[in-house]
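Okay, thanks everyone. I'd like to take a few minutes on one model, starting with a pocket and then moving to the strands.

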Amino acid sequence: LATDRRDDGMSAQPVRVRMLGLLPAVLAPCGAACARPFMNQPVERLSEEEHADTPPFVQENGERAHAIAEHLFREFGDDVRIEVVGLDSLRGLVLGVRHRIGKGFAIVVGDGEVVRDPQDYESVRTVVAEALRTRKVSAA
């Protein structure tokens, strides 16, 4: 069994960043979104139908989640593992109750630091950077 270690001797275990909320189906890790890389006509039509049937606030949540994820990947790369969790799933329901997220959009970093309804990247960046710093200090 190979160990996952960095050159500096610290574990390369990424910080988990869970995006929790009512999000568009195209952000879900299964269903038609899985076929997106192949982009055939039926999938394209289904994606357009989903977009037309999705309420505006859910589309806005999806756009914010996507923008924040892009920034996180650009800045932190493999040091973060982003998970999309819909509030309408069992896992989302459990996380929502555990972290007292009743509606809207939130980001859960690591084992429980919550950024509620983030409007910009900086609020999320600060929490993720602190989680990474804490992880590195505790590994030393």
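I'll go through the pocket, then strand S3 and its partners.

One thing up front: this is a predicted model. So, the largest pocket. There's about 310 Å³ of space in it, and 14 residues line it. If you want to find it on screen, go to Val15, Val109, Gly110, Asp111 and Ala131, the lining residues that lie nearest its centre. Two elements give two or more residues to that lining: strand S1, residues 15-21, and helix H4, residues 121-139. H4 has the largest share, with five residues.

What's the chemistry of the lining, by nonpolar, polar and charged residues? You get five nonpolar, three polar and six charged.

Okay, on to S3, which is residues 105-109. How many of its five residues are buried? Five of the five, so to speak a covered strand. Both faces are covered, in fact: Phe105, Ile107 and Val109 are on one side, with Ala106 and Val108 on the other.

Now the neighbours. S3 pairs with S1 in the antiparallel sense, over five bridges, and there Val17 stands opposite Val109. S3 is also joined to strand S4, residues 113-116, by four bridges, again antiparallel. In that pairing Val109 stands opposite Glu113.

Last bit, the hairpin of S3 and S4. Three residues sit between the strands, and Gly110 takes a positive phi near 65°. And remember Gly110 from earlier: along with Val109, it's among the lining residues nearest the pocket centre.

Definitions and conventions: Residues are numbered from 1 along each chain as its sequence is written. This is a predicted model: local features need pLDDT of at least 70, side-chain atom pairs count only at pLDDT 80 or more; totals for chains, interfaces and linings use all residues. Side-chain values use heavy atoms; hydrogens and water are left out. On a 1 Å grid over the protein atoms alone, a cavity is a set of points where a 1.4 Å probe fits but cannot get out, and a pocket is an open set with protein on both sides within 12 Å along at least five of seven lines; lining residues have an atom within 4 Å of a point. Grid points are joined across faces, edges and corners, and a volume is the space filled by probe spheres set on the points. Ala, Val, Leu, Ile, Met, Phe, Trp, Tyr, Cys and Pro count as nonpolar, Asp, Glu, Lys and Arg as charged, and the others, Gly among them, as polar. Buried means under 20% relative accessible area, exposed over 50%, partly exposed in between (1.4 Å probe, protein chains only). Two strands pair if DSSP finds at least two bridges between them.
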